[in-house]
Each structure stands twice: as structure tokens, then as C-alpha cells.
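Have a scroll through the sequence and spin the model around a bit before you read on. Then let's go through what can be picked out, topic by topic.

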Amino acid sequence: MGFIVGVVIGFVVGLAIIVLFVRNENTRSKLRNDLATTVAAFARMTVEDSRKILPADFYPSWVVFSQRQKLTWLNQHLTKIWPYVDEAASDLIKTSVEPVLEQYRPIILSSLKFSRFTLGTVAPQFTGVSIIEDEADSVTMELEMQWDANSSIILDIKTYLGVSLPVQVKDIGFTGVFRLIFKPLVNEFPCFGAVCFSLRKKKKLDFTLKVIGGDISTIPGLSDAIESTIRDAIEDNIMWPVRKIIPILPGDYSDLELKPVGILEVKLVQARDLTNKDIIGKSDPYAVLYVRPLPDKTKKKFPVGSEEICVLSPEQ
């Protein structure tokens, strides 16, 4: 009798241990599945989702929500290879920029060319990069750049009066954001057909003009004319929404070019507190309207109450 009782008790105890073990394993498996589901949910979270769950005041000071990433590694490598970049890029930039300067050449000058162009020994520094959510067949990247250059740039300027002046462009300081668009995405290496680049935002552009062996102020208006030429060329040729297209793979990329697609109607309604500039009678004020880019540097004047219609691209 005692033997039978012992067998029953042992069977019950063993069965209880098995049941507890199975339940424990099922519980642990469920916890692992729940944890995996939670981790996967966190992996899919965006910055905005995180901000909705917990306000910024609850995060420690070292937590920063930003789409812009630092590029220390790129700056280190760029500094090392910059002497080779300078040598390879200087002639290319010179030959591509000279026709642009000729197009924007002030009327008081007969010639405007480079006699010397080097990028200098100081490499630009990229302070951040952002990936912009865009179309499915493209990747858009914005690079913020800062450059305090020691470039050696000398413009060979000739006037219609027969005066030839070598003008040095020095003390260049630039801060801005460049936009790169890799489009279209293809299944052939390097996986995109062309690259579009544009100056998305110009935060600072400073430079100094100096006549070598002389004073540029001796010719009235020359300094302002050259400075305006340089700034207009930059504004009209690489400032967003204008973009330069570099084909990487053979193909037709005309759809990437800036095209007019709409009409903007501007009506000047009224003007107030204008100073009378005429000696006799009342002034006849007008407004000057222009839309960049200005390939012919044309401006239109229209008086108060008139209308002006111009064609724009979707980005302008």
C-alpha cells in the first residue's frame, strides 16, 4: 500500500514539474516574442513618433533630434586629398566659369578672363548632411559647407579705354547648403543615371577685390560692377531652383532641367510715403520686376495699377 501511494505521489509531483516547466517555457517564449515585436516597433519609429511619445523636456541634454548628421570623417579625408583636388579641379572650373563671366560681363569692360585660378591650400569643411524624403526613383541630399579659402584667383580685366588691370579676388568666405539629387535610380552601377547639384541656400558670400599694384577705386564703379557680375553669375547659374545636371550613365535627362510650367500674375496695387523726386509736378513712380535667372539681364518696369505676367517653374 505504501509503495502504491509513493508511486502516485511521485507521478503527481513529476507531472506538476513538467506542467510548470512547459508553462515557464511558454511564458519566456511569449516574453521574447513581445520583446522582439517592441524592438521592431522602435526600429520603425521616426523622430516625430519619438517626440509624440515623450516631450523633449523629458530627454537628457545629450539627446539631440536632428536629421542633420556630422561629417567629421569626410572632412578628414578631404583635407588629405585636397592638394590633388585643387590641381585636378582648378583648370576644369576655370574653363567652365569663364564663359559665364563673359555672359555677365559689365558693359564698361571689353574682356573678363582668368589669368590665374587655384583653389588654395585650405579645404572646405562640410558641417552637416541631411537626406530629404523625395520621390521613389531619386535620392536627395543636402550638404552644408563652410569655406574660408585662401584661393589665388586673378582676373585679367580690359576696358574699352585700353586699360588692362589684373584684379585679385581674395579673402573668400562662403557658407551655404548644396543640394544633390541622384536621379533616376537604376539597376546598373552606380545605381543612378545622373546627378543634379544646386546651391540650395547661400548664407554668406564675402570676398575682396584688389588691383595688383594699384587701387581699384581709381576707376569709378569698377569694383561694384565686378562684384555684381560675380554675384549675379552665382545667383543665376547654380542657385536653386536652377540646377546643373551631370550625366553618369548614357541617357536622356532633359526631364531634370528647370522648365516653366505655370503663369504668375503680379498686380501692383498701390504705394505709400514715396518721396517726390521731380522738381516740377508729381513723380510718376514705377516698380522694377525681375525673376531669376536672368540670362539677358532684362528688367521690366511697370507703373502703379498695371499688371505683369511671367512664367515660373514650380520651385520658384
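How do the residues lining the largest pocket divide into nonpolar, polar and charged? They come to 34 nonpolar, 3 polar and 1 charged. Keep in mind that this is a predicted model. The protein has 316 residues, and buried ones make up 28% of them. Its secondary structure comes to 4 helices and 11 strands.

**The largest pocket**

- The general idea first: rolling a probe the size of a water molecule over the atoms shows where empty space is left.
- Here, the largest pocket has a volume of about 1700 Å³.
- A total of 38 residues line the largest pocket, and the ones nearest its centre are I93, V97, W147, F178 and I238.
- Which element gives the most to this lining? That's α3, with 10 residues.
- Plenty of other elements chip in too: among those supplying at least two lining residues each are β1 (109-118), β3 (139-149), β4 (152-159), β5 (164-185), β6 (192-211) and α4 (222-237).

**How the strands pair up**

- Strand β3 is a good place to start, as β2 (residues 125-132) runs antiparallel to it, with 7 bridges joining the two.
- If you want one pair to look for there, take I132, whose bridge partner in β3 is T140.
- β3 is also joined to β5, by 11 bridges, and these two run antiparallel as well.
- For an example to find on screen, look at D148, which stands opposite G173 in β5.
- A handy thing to know while you look: in a regular strand the side chains alternate between the two faces of the sheet.
- On contacts across the whole protein, take those with a separation of 6 or more: 67% of them are between residues 24 or more positions apart.

**A closer look at S111**

- You'll find S111 in strand β1.
- Is S111 buried or exposed? Its relative accessibility is 17%, so S111 counts as buried, the cut-off being under 20%.
- Setting aside neighbours within four places in sequence, S111 is in contact with R105, D156, I157 and K158.

**Unusual backbone spots**

- Where do cis peptide bonds turn up? One joins K183 and P184, with omega about -5 degrees, and P184 sits in strand β5.
- Another cis peptide bond joins F189 and P190, where omega is about 10 degrees; P190 lies in the loop between β5 and β6.
- D171 isn't a glycine, yet its phi is positive, at about 55 degrees; look for D171 in strand β5.
- C191 is another residue other than glycine with a positive phi, near 80 degrees, and you'll find C191 in the loop between β5 and β6.

**Cysteines**

- As a reminder, a disulfide is a covalent bond between the sulfur atoms of two cysteines.
- How many disulfides does the structure hold? The count is 0.
- C191 has 41% relative accessibility, so C191 counts as partly exposed, a label for values between 20% and 50%.
- C196 has a relative accessible area of 3%, so C196 is buried.

Key. Residues numbered from 1 in each chain as written. Predicted model: local features only at pLDDT ≥ 70, side-chain atom pairs only at ≥ 80, totals over all residues. Heavy atoms only, no water. 1 Å grid on protein atoms, 1.4 Å probe; cavity = no way out; pocket = protein on both sides within 12 Å on 5 of 7 lines; lining within 4 Å. Points joined across faces, edges and corners; volume = space filled by probe spheres on them. Nonpolar A, V, L, I, M, F, W, Y, C, P; charged D, E, K, R; others polar. Disulfide = S-S within 2.5 Å. Buried < 20%, exposed > 50% of the residue type's maximum accessible area, 1.4 Å probe, protein only. Contact = heavy atoms within 4.5 Å. Pairing = 2+ DSSP bridges.
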